[in-house]
Amino acid sequence: MKKQGCLRRALGWLKWIGIGVLALLLVGAVASYVAMRRSLPRSEGSVALQGLSAPVEIARDSLGVPSIRGQSLLDVVRAQGFLHGQERFFQMDLTRRFAAGEFAEWLGLALPADQEIRVHRYRRLAGQAVAALPARHREMLQAYSEGVNAGLADLEARPPEHLILQVTPQPWTPEDSMLVLFFFFMGLSVNHEMEERLGVMEATLPAELFEFLTPSRSRFDAILLGIGEEASAYQPLPVPGPEIVDLRGSPPPAPERDPVRPYGLVAGSNAWAVAGSRTVDGQAMLANDPHLSLLLPNAWYRVELHWQDRQALGVSPPGVPAITIGSTQDLAWGITNSFADQTDWVVIETDPDDPSRYRTPEGFEAFQLVSEEIRVRGEEEPEKLEIRYTRWGPVIGEDWKGRPLALRSTAHLPGGVNADFLDLILASTVEEGLEILKGWNGPALSWILADQPGSIGWVVNGHLPRRKGFSGKVPRSWAEAETGWDGPLPESSRPLLINPDGGILFSANNRPGTRPGEAELSQAWLSPVRASRIAERLLAKEKFSPEDFLALQLDTRSLLHDSVRDLVLELVEEDESDALLAGVRRHVQAWNGHADSDQVGFRLLEAYHEELMDRILTPLLVPVLEAQERFVYNWPLAAEPLQRILETRPPHLLPAGQGDWPALLRQILSDTVEAIQADDDSPGVDEPWGAVNRSGIQHPLGMVPLLGSLFSMPDDSMPGWMATVRAAAPGYGASLRLVVSPSDEVSGLFHMPGGQSGHFLSSHFGDGHAAWVDGLPTPFQAGSPQSSLTLNPPE
């Protein structure tokens with residue numbers, strides 16, 4: 001699912017949790033081991049669970065996947081909470097603390113992260129969200145929370161991480177479940193993170209150059225709303241002429257760092273479905289593989305829920321009940337991040353005579369001042385945080401001119417996050433599912449659905465703001481009445497599609513359509529190369545099986561590097577005299593077109609492409625770098641302007657001091673290979689892609705010396721790349737792979753990295769990992785029971 005800024009930031013602070021762990025474990029290691037084993041979850045016997053209306057049976061298979069059977073939905077949700085509390089409570093605790101800005105209470109070094117997050121006051125918003133929920137959702141969250149607390153209390157000892165940190169777990173509440181949803185909003189609704197940088201570009205570059213460097217369309221576009229029409233619709237970007245930008249003069253100053261981050265936002269998720277007319281058994285079929293930062297334990301908890309005459313199989317994030325991705329006997333659903341723009345920076349114009357006021361359409365208005373207290377471990381007094389609020393949202397930072405910036409976010413609005421998605425497990429048809437999702441306010445996700453009769457559907461959920469007077473691409477002042485948000489977009493503008501011609505739907509964080517109003521939804525989409533490959537393979541075959549879908553999820557074809565290969569073969573001839581470059585040509589010529597682990601050619605092409613990005617695009621950004629030293633260019637479609645320059649090779653964009661384009665491009669290639677060769681920490685030039693593309697999946701404690709093997713998965717060589725269908729980078733990739741037809745779960749396929757349990761001493765901490773690495777067609781439905789636990793109402 002997209003850029004994982006929040007998750008990475010959380011991981012950075014989590015490192016510090018383990019810094020002192022080694023010394024603690026070495027003292028009384030045996031006692032610590034015994035205590036930690038006492039916190040393993042219960043798998044057999046019986047437990048009295050307050051609030052149940054009837055007994056609930058929990059059977060676990062050989063991978064620890066639980067099947068919960070009860071009389072009512074509230075009973076099975078309460079049991080689901082019990083399991084989360086037993087197996088994943090530390091993970092849940094971290095999530096709610098990060099979302100609420102309460103991490104420093106555990107770890108004083110996390111105070112800056114808390115200060116950054118606390119300005120949103122998400123705990124207050126979560127409480128308001130719970131109060132506004134309909135009764136059925138409040139009852140579900142309450143039953144789930146009580147189950148979590150009962151499961152935690154049933155452990156004979158605190159979870160091992162709490163024990164190591166010497167902190168006491170606090171009870172779970174419905175408010176905390178809503179904080180988990182706010183956590184995902186922070187990580188997924190991130191358009192504003194680009195907008196501040198784009199504001200500098202717009203102000204310092206000619207308009208034509210700004211548009212050239214920030215396109216919304218690509219030659220790889222695969223359009224969901226009208227498959228096949230985009231090939232004729234693609235128009236190459238016009239390269240700005242010498243009257244706009246000319247690099248042939250004096251050499252621009254060399255930046256002290258590389259400002260180009262070409263793949264900062266290229267990652268995402270995949271989902272697709274085909275109608276019953278396109279499968280070998282006549283049933284609609286869904287595939288989903290959300291891409292996330294990969295940690296231990298996994299971001300998802302797998303479960304099967306059975307109550308009355310219904311069943312729901314799949315996953316949810318620990319902290320949230322029901323099924324977020326999965327299937328019932330009637331309906332299956334999966335998600336990707338839509339990148340619909342739900343956030344904007346508002347430039348605040350302060351009163352030059354009174355800095356306590358700011359300009360609004362009605363005149364100057366006083367900032368609302370709010371004080372928050374942050375408890376810090378080891379400190380007697382809490383740290384006070386003063387927050388300035390405007391009518392549009394909290395003041396969070398400054399722009400490149402030093403002007404205050406307030407964040408306008410749908411998450412801050414009344415009703416901006418609710419829990420309507422919980423009803424998906426009750427929907428019987430695609431149409432019912434789409435209606436539920438249209439009402440779910442939260443991060444704007446792209447949902448693909450398939451139902452038992454054979455229909456398929458797609459929708460983007462969430463509050464989608466209607467902008468007036470501006471596009472949302474860059475920060476703007478809202479001090480004039482003509483600029484701002486004008487409520488949500490009308491439902492007629494919500495992206496939605498049912499049973500398209502051809503019986504195919506797909507979503508890979510790409511631009512979804514060619515509608516005239518698509519710019520209202522967003523100005524930025526991720527690279528469409530994954531979507532293009534998915535569409536290519538779905539259109540190339542008439543009928544699909546579950547194994548066909550899994551094969552597509554594991555596809556490593558890299559369309560983006562074809563032109564880079566052609567460039568290398570142009571620059572380095574067959575009779576090349578330079579031994580190093582001759583070796584590069586051999587590897588590149590032998591490249592199979594895929595990001596496979598054994599491909600030396602792909603590794604060289606990828607390194608060369610990154611260097612081309614930096615060396616060719618950076619000179620165009622010099623005015624921006626002079627205006628803002630910390631500027632980073634990571635536009636997700638940056639490959640498009642680069643390719644246009646390489647195609648046209650205009651003399652005026654050749655940096656000063658360079659003889660001609662072939663000489664420059666050859667020099668960049670030589671520099672790339674020599675840098676690899678000179679790097680003592682990098683595998684040699686002749687080593688394959690898998691030598692650098694490792695899995696890198698760890699528990700936070702796996703970063704501690706001597707503990708890595710206990711808290712980490714094997715550091716496997718991984719096929720795939722950030723922009724192939726099989727996404728793979730160190731610590732990043734498919735957080736699960738699912739293929740399923742509703743009512744035919746027995747034929748479905750599933751695997752995820754790591755294992756079911758969050759306890760590092762559990763046999764299920766990583767026992768499903770090898771199937772994920774190897775891409776094995778392991779079943780979606782839980783296997784035969786290996787243990788049984790009964791939860792009973794108290795007598």
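Start by selecting residues 445–451 and 456–460 in this predicted model: these are strand 19 and strand 20, which run antiparallel to each other and are joined over 5 bridges. For a single rung of that pairing, pick Ala450, whose bridge partner in strand 20 is Ile456.

Now widen the view to the sheet around this pair. Strands 19 and 20 belong to an open sheet of 11 strands with mixed pairing, in the order 1-30-2-3-7-8-9-10-19-20-24. To find its edges, colour residues 45–48 (strand 1) and 496–498 (strand 24), each of which pairs on one side only. Look along the sheet and you can follow a twist that averages 15 degrees from one strand to the next.

Next stop: helix 7, residues 122–132. Show the side chains of Tyr122, Leu125, Ala126, Ala129 and Val130, which are buried. These residues sit on the same side of helix 7, because they cover an arc of only 140 degrees around the axis. Turn to the other side of the helix and you meet Ala131 and Ala132, both exposed. What do the buried residues of helix 7 pack against? Select helix 5 (89–100), helix 6 (111–118), helix 8 (135–154) and helix 10 (174–188) to see these partners.

Stay with helix 10 and centre on Phe185, which lies in it. Phe185 counts as buried, because its relative accessibility is 1%. Leaving aside residues up to four places away in sequence, Phe185 touches Gln342, Thr343, Ser409, Thr410, Ala411, Gly442 and Pro443. For a last distance, draw a line from the C-alpha atom of Phe185 to that of Pro160: they are 25 residues apart along the chain and separated by 29 Å.

Conventions:
Residues are numbered from 1 along each chain as its sequence is written. This is a predicted model: local features need pLDDT of at least 70, side-chain atom pairs count only at pLDDT 80 or more; totals for chains, interfaces and linings use all residues. Side-chain values use heavy atoms; hydrogens and water are left out. Two strands pair if DSSP finds at least two bridges between them. Helices (H or I, at least four residues) and strands (E, at least two) are DSSP runs, numbered from the N terminus. Axes are lines fitted to C-alpha atoms, for helices over the stretch in contact, and angles run from 0 to 180 degrees between N-to-C directions. Buried means under 20% relative accessible area, exposed over 50%, partly exposed in between (1.4 Å probe, protein chains only). The arc is that of the directions from the helix axis to the C-beta atoms. Contact means heavy atoms within 4.5 Å.
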